[in-house]
Amino acid sequence: MEQAANTFDEMRHEGGGVRPAYADYCEWFDQQPGDLLRRKHKDAEGSFRRTGITFNVYGEGEAEERLIPFDMVPRVITAAEWRRLTRGIEQRVSALNAFIHDLYHRQEIIRAGRVPERLFRHNEAWLPHMVGFTPPGGVYTHIVGIDLVRTGPGDWFVLEDNARTPSGVSYMLENRETMMAMFPELFTRVPVASVSDYPRRLAKSLAACAPDAARGKPTVAVLTPGIYNSAYYEHAFLADQMGAELVEGSDLRVVGGRVQMRTTRGYEPVDVLYRRVDDEFLDPLTFNPASVLGVPGIMDVYRSGGITIANAPGTGIADDKAIYSFMPEIVEFYTGSKPLLPNVQTWRCAEPDSLAYVLDNLAELVVKEVHGSGGYGMLIGPTASKKEIAAFRQKLCAKPGNYIAQPTLALSTCPIFTAKGLAPRHVDLRPFVLVSPDKIDITPGGLTRVALKKGSLVVNSSQGGGTKDTWVLKD
Amino acid sequence: MLGRTANGLFWMFRYLERAENTARLLEAGFRMALTRDLQTAEAEWRSLVHTLGLKEVYERHHDSYIGHEVWNFILRDRENPNSVARMMDAMRANARVTRTAITTELWTAINTSWMEITALLKRPVSQGQVGEVVETIRRAGTLTHGAMEGTLLRFEGYHFARVGTFVERADNVARIIDMKYYLLLPSLRYVGSTMDTGQWEQVLRSVSGDRAYHWLNAGRIEARGIVEFLVLDRRFPRSLAYCHGELDEELACLAAIHGHEAHCHKLMHEAATILDHMTVDGIFEIGLHEFLTRFVDRNAAIAEAIAQDYRFLV
């Protein structure tokens with residue numbers, strides 16, 4: 001098997017021996033005939049297609065449905081590693097919630113001089129409507145996806161906090177289903193922690209955040225922009241698995257001070273809305289008046305305690321990349337201890353010294369837009385051409401405040417299954433975190449995204465990345 | 001259940017039924033055209049396009065009624081808003097909208113049918129492929145209904161799906177009978193001729209009723225018997241009486257679930273009473289075309305009332 005230089009291979013030692021986490025899997029793998037695996041690999045794709053596990057891509061004209069390529073070699077994480085990660089994630093997520101609450105209330109972290117005021121003053125994600133208001137149960141970010149990367153045996157870094165509407169959890173679940181359907185025998189050999197109760201945990205966590213107005217068992221609904229949204233499959237999947245209604249803005253209306261959904265019997269109140277539309281489309285009366293995705297008047301109902309919105313509007317203030325660079329300070333400020341999971345070193349181009357350093361070292365750095373996502377609008381110095389770097393330099397100089405820079409990490413690799421056998425590819429990991437008033441619940445697993453091109457560091461599905469099943473081993 | 005979900009189930013099955021009936025009609029037209037010389041075949045193709053209500057849009061893009069142009073127009077033309085390809089798209093889009101209300105088996109039946117038919121209709125359909133395409137579309141109907149019957153909870157969603165099926169089937173079959181009477185026959189003097197019986201034979205085939213009819217009537221092909229069979233025979237699952245019988249039952253289930261009857265039930269009772277008391281003599285007295293027109297209108301009014309009563313749309 002080929003080995004990339006200077007990177008941590010999660011399956012094998014430099015000498016070629018198998019690391020303990022993968023021992024059971026590799027033993028099984030070596031017994032499988034190659035053509036059987038190749039055939040199963042093809043079957044998996046057909047099964048995803050038939051089941052309609054797709055995401056939409058907007059090209060010219062019509063939206064096209066694509067599959068996210070699925071790789072059938074699992075990524076394995078030991079129980080001990082996972083325990084360490086979950087402690088770090090819990091710490092980080094409680095700090096995130098405390099931070100958002102503080103920003104919309106007393107702003108003590110700013111008074112204490114730990115983060116600059118400019119961070120939110122001109123931030124588009126900042127919602128004045130949330131000032132002084134506390135959501136039901138005090139929870140701002142109910143569903144969080146923390147993106148992690150690894151560079152060595154114990155070296156995990158947080159790459160990004162997705163505190164608004166993280167997606168991908170349906171792939172975590174479907175990847176596992178696919179693996180169990182293809183290789184049932186593996187799951188009797190390897191003790192893998194189950195992820196399948198995520199929807200039940202999500203429903204429970206959301207219900208625990210019901211507003212005062214809820215009577216009896218809270219009614220939960222998932223708000224989707226509709227079938228043309230890239231993550232529609234996931235919205236439908238989660239609603240289905242939770243037994244919740246999947247609603248669009250046109251199904252909802254404010255009646256008698258509650259948000260109600262139009263059923264065949266008339267309007268019925270919704271207590272908790274797991275929304276998968278962005279803040280600015282949530283309420284045309286408060287935000288974008290042209291939007292038809294949201295519900296006119298929902299913000300008034302929200303502020304009067306008539307509904308829980310998950311994640312809370314204005315949560316995005318905590319997850320842009322400028323805030324990210326302050327996360328170590330933020331974690332320490334609210335939890336009183338050093339972050340268990342470090343950030344990737346980050347230069348804020350808004351600061352003159354940092355900008356100077358970044359400009360001098362563009363060819364070695366990854367430069368990202370502060371508000372960008374999906375791997376767009378970024379420069380990967382080491383793989384960029386001279387021309388691309390020159391063009392990016394101009395953009396950067398014009399609006400330095402829009403950018404941050406990070407070193408190019410030697411991301412760990414996991415093997416993927418290719419026509420020529422196993423080959424190492426870079427991966428990241430997005431565990432999914434549920435927050436309710438008294439609990440932070442992390443499902444043992446997550447979405448491992450994998451760059452399918454040799455040497456590529458871009459794992460985003462919109463940029464041709466794939467996914468693989470993530471196994472957290474039981475003790 | 002959300003009104004929009006009910007609407008989605010209703011339309012998903014309407015589109016499925018419409019695609020299937022379009023394919024059945026096309027098959028009948030194709031067979032008729034095969035038994036004609038070139039010139040009469042053109043008349044057969046024309047009447048088929050008329051029956052499908054596509055005359056205007058067809059003639060905007062075509063100067064003549066040539067077989068392969070007609071079937072490709074009906075099956076896959078992007079200019080044709082009612083092509084089978086577009087109906088399959090609409091059916092699947094509705095299935096995606098109602099994904100949380102249908103079972104995985106039902107979804108998979110729809111999605112795989114859609115994949116198969118979309119692949120078949122990617123390129124122009126040759127004469128040799130028409131049969132395969134039609135069969136695949138009919139099989140999609142069978143597969144989907146089977147998946148639904150075998151797996152779907154008998155909740156209101158099931159009844160909305162069935163309501164959609166029978167509203168659409170009633171409409172389509174009425175139009176098929178009407179086409180025979182008004183478009184296929186150039187003049188009344190053909191009544192009873194071999195051309196007449198040959199066309200009735202194809203009409204029966206297009207609703208898969210040929211064998212049943214022959215079994216019941218010992219091979220006697222004549223308008224009276226066929227009209228009685230297609231309109232009034234409750235044993236035949238594509239007759240108008242059967243469709244409205246089922247529709248009536250499905251609406252009764254919805255009323256029971258909701259605890260009350262609504263406007264659509266009143267219209268349904270009226271329509272059912274009229275059909276219950278109708279005889280084949282009565283139909284010819286009113287005039288077959290007149291009778292069918294009123295039936296189609298009543299059927300459409302019921303569908304509209306259902307959408308209103310169950311809050312399909314805002």
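Here are a few exercises, each with a worked solution, on a predicted model with chains A and B.

**Exercise 1. Find out how chain B and chain A touch: how many residues are in contact, and how much area is buried?**

Start with the head count. On the chain B side, 27 residues are in contact, and they meet 26 residues of chain A.

Next, look at the area. The two chains bury about 2300 Å² between them, and 47% of that sits on carbon and sulfur atoms.

Then ask who gives up the most on the chain B side. Leu2(B), Arg4(B) and Arg96(B) lose the most area to chain A, and together they make up 29% of what that side buries.

**Exercise 2. Work out which charged and polar links join the chains, and which elements of chain B take part.**

First, count the salt bridges: there are two between chain B and chain A.

Now zoom in on Arg4(B). Its salt-bridge partner is Glu248(A), with the closest N and O atoms 3.1 Å apart. Recall that a salt bridge needs the side-chain nitrogen within 4 Å of a carboxyl oxygen, so this pair passes the cut-off.

Widen the search to polar contacts, and you get 15 residue pairs between the two chains, both residues at pLDDT 80 or more.

Now sort the chain B side by element. Those giving two or more residues are α1 (3-34), α5 (84-97), α6 (104-120), α8 (156-184) and α12 (240-258) of chain B. The largest share, five residues, comes from α6(B).

Last, sort that side by class: 13 residues are nonpolar, six are polar and eight are charged.

**Exercise 3. Trace the three-strand sheet of chain A: what is the strand order, and which strands stand at the edges?**

Begin with the order, which is β8-β9-β10 in chain A; the sheet is open and the pairing is antiparallel.

Now check the ends. β8 (252-255) and β10 (266-269) of chain A each have a single partner strand, so one side of each has no neighbour in the sheet.

From one strand to the next, the twist averages 45°.

For a closer look, take β9 (residues 258-263) of chain A, which pairs with β10(A) over four bridges. Start from Arg262(A) and you'll find its bridge partner in β10(A), Tyr267(A).

**Exercise 4. Do the same for the four-strand sheet of chain A: is its pairing parallel or antiparallel?**

Here the order is β7-β6-β11-β12 in chain A, again an open sheet. Its pairing is parallel.

The edges belong to β7 (245-247) and β12 of chain A; each has a single partner strand, so one side of each lacks a neighbour in the sheet.

Ignoring direction, neighbouring strands are turned by 25° against each other on average.

Now follow β6 (residues 220-223) of chain A: three bridges join this strand to β7(A). Val222(A) has Leu246(A) as its bridge partner in β7(A).

**Exercise 5. Hunt for two backbone features in chain A: where are Asn311(A) and Gln107(A)?**

Take Asn311(A) to begin with. You'll find it in the loop between β12 (308-310) and α11 (321-324) of chain A. The peptide bond leading to it from Ala310(A) is cis, with omega near -10°.

Then move to Gln107(A), in the loop between α3 (79-103) and α4 (108-111) of chain A. Phi of Gln107(A) is near 55°, a positive value in a residue other than glycine.

Terms used:
Residues numbered from 1 in each chain as written. Chains lettered and ligands numbered in written order. Predicted model: local features only at pLDDT ≥ 70, side-chain atom pairs only at ≥ 80, totals over all residues. Heavy atoms only, no water. Contact = heavy atoms within 4.5 Å. Buried area = accessible area lost by both parts, 1.4 Å probe. Polar contact = N/O pair within 3.5 Å; in protein donor to acceptor, adjacent residues only side chain to side chain. Nonpolar A, V, L, I, M, F, W, Y, C, P; charged D, E, K, R; others polar. Pairing = 2+ DSSP bridges. Axes fitted to C-alpha atoms, helices over the stretch in contact; angles between N-to-C directions.
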